[in-house]
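User: I'm new to this one and I'd like to understand the labels people put on it. Can we go through them one at a time?

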Amino acid sequence: MKKEGYFSSGEFAKMANITKKTLRYYDEKNIFKPSFVSKSGARFYSNEDFGRIQQILLLKYLGFSLKDIKEMVVEGKEYHQWDKFLEIQYKLVEDRIEQLRLVSDSILDALEKLKKRQDIDCSQMLNIIHLTRTEASLKNQYRNASNISARIQLHTRFSKNKKGWFTWIYERLNLRNGMNILEVGCGDGALWKGLNIPEKISLTLTDISEGMIRDVRKVFGEDRKYLRLLSCDCQAVPFEDNTFDLVVANHVLFYCRDVEKACREIYRVLKPGGRVIAATYGKHHMEEINRLVLGFDERIVLSSQCLYERFGKENGGSILEKMFKEVRWEEYEDSLCVNEPEPLISYILSCHGNQNEYIIDCYNEFKDYVKKKMQPFFYITKEAGIFSGKK
């Protein structure tokens with residue numbers, strides 16, 4: 001008997017324009033399961049399931065493997081998160097269109113030269129090949145955007161300090177007219193969104209991810225005269241010595257292969273008397289989350305390395321003092337009180353560890369485990385702040 005408010009597998013497959021065999025295969029591979037299974041084994045699907053299958057089909061169309069999709073869509077089990085996923089996927093589609101347009105232009109140019117019996121530059125053909133290999137960059141961009149979104153959402157919704165991290169940092173930049181500013185590792189440009197930038201400010205935003213720079217360009221537009229965007233590694237910034245009045249490195253130095261080299265680059269491009277603002281965290285930051293996942297499965301490691309050991313509250317000052325003067329630490333007073341499991345799980349899945357290996361196949365079990373630990377809320381320590389110093 002059909003369950004009220006649900007679609008049979010045949011009806012659902014027809015709505016999604018796929019076969020029942022595909023639905024069964026996704027179920028067997030734990031990629032997409034029905035919302036209800038009867039005692040007789042009949043599968044039934046809801047309207048929310050239709051949104052989820054569209055996400056899977058879109059990612060498949062964009063070139064992702066089913067293994068990748070399995071990791072990507074596990075967070076999408078909660079319907080209220082769909083605005084976040086749709087925004088990310090919209091950006092992915094736009095980027096795919098942009099990349100294919102570049103490929104199209106390159107091929108047309110090559111065809112025109114062939115018609116005119118002109119030689120084709122080999123580097124141009126290599127460029128076409130490079131442009132068509134978009135899957136890896138799309139995959140990284142999706143994960144970067146998803147991870148950043150999950151982290152910001154958790155802090156925005158559950159932080160006790162309502163001023164907000166970005167507002168707190170911005171106030172400490174002490175901007176004034178005529179300043180030349182560089183941010184390395186700008187991500188999606190969140191520090192500068194919605195702010196009234198002082199007049200005659202020159203702002204340069206850089207990030208190692210070209211996808212992130214494209215996102216910033218879309219948010220800020222092309223007509224901001226004060227804004228310059230560039231994809232580069234902060235260990236080798238392409239600027240002259242003594243260029244900037246201020247360099248901002250917001251939670252980025254601990255990702256560098258050579259932290260001191262990145263600091264030397266920052267020192268080099270700063271003007272005499274210029275300032276560096278470097279954000280990081282301490283060893284107690286979010287420590288309750290590590291204990292939470294280890295209680296579920298002791299094999300889980302949320303990060304292959306403790307980033308604070310590379311550049312953190314405990315050692316960041318000594319690293320900067322090798323180059324800068326008047327180095328001091330200022331802490332952002334805050335903590336999290338989380339009373340919903342889904343945002344916390346999204347944050348956990350966004351970490352740079354092996355958690356997907358042990359959580360994805362038992363998502364509901366993990367969700368129930370987190371719910372039990374959240375009575376009435378789950379408290380999380382925050383230990384983050386900024387180092388400042390002068391050249």
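User: In which hand does H13 pass H15?

Analyst: It's a right-handed crossing. Keep in mind that this is a predicted model.

User: What makes H13 and H15 "oblique" to each other?

Analyst: Helix H13 (residues 341–349) packs against H15 at an angle of about 120 degrees, with the axes 10 Å apart. Angles of 65 to 115 degrees count as roughly perpendicular and those over 145 as roughly antiparallel. The angle of about 120 degrees fits neither class, so H13 and H15 are called oblique.

User: Which residues meet there?

Analyst: H13 brings Pro341, Glu342, Leu344, Ile345, Ile348 and Leu349, and H15 answers with Tyr363, Phe366, Lys367, Val370 and Lys371. Sorted by class, this contact of H13 with H15 has 8 nonpolar, no polar and 3 charged residues.

User: Why are H11 and H15 called oblique?

Analyst: Same kind of check. Helix H11 (residues 287–296) and helix H15 (residues 363–373) have axes that come within 11 Å and cross at roughly 130 degrees. Roughly perpendicular ends at 115 degrees and roughly antiparallel means over 145, so H11 and H15 end up as oblique. H11 passes H15 in a right-handed crossing.

User: What makes the contact between H11 and H15?

Analyst: From H11 you have Leu292, Val293, Gly295 and Phe296, and from H15 there are Glu365, Phe366, Tyr369, Val370 and Lys373. By class, the contact of H11 with H15 comes to 6 nonpolar, 1 polar and 2 charged residues.

User: Let's turn to single residues. Why does Ala13 count as buried?

Analyst: Buried means under 20% relative accessible area. Ala13 has 3% relative accessibility, so Ala13 counts as buried. You'll find Ala13 in helix H1 (residues 9–16).

User: Which residues is Ala13 in contact with, neighbours within four places in sequence aside?

Analyst: Those are Ile18, Thr19, Lys20 and Leu23. As for Ile53, Ala13 is 40 residues from it in sequence and 9.9 Å from it in space, C-alpha to C-alpha.

User: And Tyr26, is that one buried or exposed?

Analyst: Buried. The cut-off is under 20%, and Tyr26 has a relative accessible area of 3%, so the label fits. Tyr26 belongs to helix H2 (residues 20–28).

User: What does Tyr26 touch, leaving out residues up to four places away in sequence?

Analyst: Tyr26 touches Ile31, Phe32, Ile53, Ile56, Leu57, Lys60 and Leu66. Tyr26 and Ile53 are 27 residues apart along the chain, and their C-alpha atoms are separated by 9.8 Å.

User: Which residues have the most contacts inside the largest nonpolar core?

Analyst: Leu173, Trp192, Leu253 and Phe311, in a core of 57 residues. Strand E8 (residues 270–281) gives the most to this core, with 6 residues.

User: What does Phe311 touch, not counting residues up to four places away in sequence?

Analyst: Leu253, Phe254, Val259, Ala278, Thr280, Gly316, Ile319, Leu320 and Phe387. There's also a second, separate core of 26 residues, which includes Phe296, Leu344, Cys351 and Phe378. Phe296 is one of the H11 residues in the contact with H15, and Leu344 is one of the H13 residues that meet H15.

User: Finally, how many helices and strands are in the protein?

Analyst: There are 15 helices and 12 strands. Of the 391 residues of the protein, 48% count as buried. Among contacts with a separation of 6 or more, residues 24 or more positions apart account for 74%.

Key
Residues are numbered from 1 along each chain as its sequence is written. This is a predicted model: local features need pLDDT of at least 70, side-chain atom pairs count only at pLDDT 80 or more; totals for chains, interfaces and linings use all residues. Side-chain values use heavy atoms; hydrogens and water are left out. Axes are lines fitted to C-alpha atoms, for helices over the stretch in contact, and angles run from 0 to 180 degrees between N-to-C directions. Helices (H or I, at least four residues) and strands (E, at least two) are DSSP runs, numbered from the N terminus. Angles under 35 degrees count as roughly parallel, over 145 as roughly antiparallel, 65 to 115 as roughly perpendicular and the rest as oblique. A crossing is left-handed if the near helix is turned anticlockwise from the far one by less than a right angle, and right-handed if clockwise. Contact means heavy atoms within 4.5 Å. Ala, Val, Leu, Ile, Met, Phe, Trp, Tyr, Cys and Pro count as nonpolar, Asp, Glu, Lys and Arg as charged, and the others, Gly among them, as polar. A nonpolar core is a set of buried Ala, Val, Leu, Ile, Met, Phe, Trp, Tyr and Cys residues joined through side-chain atoms within 4.5 Å. Buried means under 20% relative accessible area, exposed over 50%, partly exposed in between (1.4 Å probe, protein chains only).
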